[in-house]
Amino acid sequence: MYYKSTRDSKLQVNSATAIAQGISTDGGLFVPSEIPQISMDELQALADMSYAERANVVFGKFLTDFTAEEIAYCTSNAYNAKSFDTENIAEITGAFGDAHILELWHGPTCAFKDMALQILPYLLTTSLKKNGEDKKVVILVATSGDTGKAALEGFKGVPGTEIMVFYPQDGVSSMQKRQMRTQEGANVKVCALEGNFDDCQNGVKKIFTDAAVKEKLAAGGKMFSSANSINWGRLAPQIVYYVSSYAEMAKKGYINFGDTLNVVVPTGNFGNILAAYYAKLMGVPLGKLICASNINKVLTDFIDTGVYNRNRDFYATCSPSMDILISSNLERLLYLLTDGDDAQIREWFGALSAEGTYEVSDSVKAKLQADFVGGFCDDADTKKTIHDFKEKYGYTCDTHTAVAVKVYLDYIAKTGDTTKTLIASTASPYKFSASVLEAIEGAQTTEDEYEMVSRLAELSGLAIPQSLAELKDKEVRFSDVINKDDMEGYVLRQLGIAE
């Protein structure tokens, strides 16, 4: 199995190189040269396996240059009771009508990013060893809230690595900010940016593809890699939980093997729902992939019209991890939908960079709409959904999961589709206590962060995650705030490299 660049199909590398580099030298994203298949017999066999064992099967199909022993080393170290507070790793709830909720937030940072970022350090260090690479790896991360903390936690103390995270100063929740600013580890750095997530993401990509910067880094015995979902090592673990969840749903009797299962995903950067699409292409019987957005609905508009346009107002919402106008992983989807037309990808994403917009062909739009449905809701509907869902079912959603629930309910009202559905729940409600409490109680609170956490525990009946409870007494280590134009200089200064 080789990996091609979305912007130059002739460029091919093995999976170890794709993971180590993070992004292609031409600015494209690595995609597998073919889609491995999983049979119904294999899916049925997964039902009797642990989550780590299921991951071994999926990774074995995508990471063919890894030995079975190397893959098992990675999965057994990542997916265990030491890292996750549940034996199942990913929990699936009972029924809410025709829907079940897939809880992806039982890891150390209480967000779905842990599902990939607990294993990425093992995949990365194994990849470097396989390639005979002896440079120190500098991980650059742009975050809208959850990726940053999950990456910091995954890479803290990992030999041969340094990690630097950039987040929008006013674009994350207070709990997310505290998680990052108190991060432990001698090899970690955290910095706020005056701007939004797209500014962080664009800055990181620019640094990655700057030949002069890479030369300076190499002269200092270092190299860049990424922990964002532009790295295939981030996306592949997300495919695992959709494959695993189908087998688990059948094991629990919620569906029969062979039944179609719809999936709803709250997403901004398009990686989480793209992973479901890859699972579908592998042969998992997934039906409609319902893409749920907040009021920054660039993806909803794109699915509806075929026009991607980031030239619009940007809104800071109560679901900040989705406050994104440039969805990086859409490039991988469009590469698939154009049958690997790298020239077309270069044209569209060149236009996005230069003009902020592009329009796909009618044939690509038809393929897109055959599998994907878009929907969105604003903050008022998000909070109303949290309130109503708790009143009706006694279940407390975070602000991102609530977006998915609302979009799902709108989809059902519009289509009458009674297909069994899995709703991806991407974060613990404790990460957004202020908004969740306001939704439940109907008024803003003046309590501090930890009074809100205690209050939410009373109302929800959910145990407070230990990792969040411990933050109260942790020292703030990082308080840097920079202008977006100073990212490159900041990185070089922090690494002790002359600008």
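This passage describes a small set of features of a predicted model, namely a sheet, a buried serine and the cysteines.

In the predicted model, three strands form an open sheet in the order β2-β1-β3, and the pairing within this sheet is antiparallel. Its edge strands are β2, which spans residues 8–13, and β3, which spans residues 30–32, each of them pairing on one side only. From one strand to the next, the twist averages 40°. Strand β1, made up of residues 3–5, runs antiparallel to β2 and is joined to β2 by 3 bridges. With regard to individual residues, K4 has Q12 of β2 as its bridge partner. In general terms, the strands of a sheet pair through backbone hydrogen bonds, in either a parallel or an antiparallel manner.

Further along the chain, S327 lies in the loop that is found between strand β12 (307–309) and helix α14 (330–337). The relative accessibility of S327 is 3%, and this residue therefore counts as buried, the limit being under 20%. When residues up to four places away in sequence are left aside, S327 touches G268, N269 and F270, together with V298, L299 and Y308.

As for the cysteines, the count of disulfides comes to 0 when a pair of sulfur atoms is required to lie within 2.5 Å. C377 is accordingly in no disulfide, and the nearest cysteine sulfur, which belongs to C318, is 8.1 Å away. C377 has a relative accessibility of 2% and so counts as buried. C74 likewise counts as buried, because its relative accessibility is 1%.

How values were computed: Residues numbered from 1 in each chain as written. Predicted model: local features only at pLDDT ≥ 70, side-chain atom pairs only at ≥ 80, totals over all residues. Heavy atoms only, no water. Pairing = 2+ DSSP bridges. Helix = DSSP H or I, 4+ residues; strand = E, 2+ residues; numbered from the N terminus. Axes fitted to C-alpha atoms, helices over the stretch in contact; angles between N-to-C directions. Buried < 20%, exposed > 50% of the residue type's maximum accessible area, 1.4 Å probe, protein only. Contact = heavy atoms within 4.5 Å.
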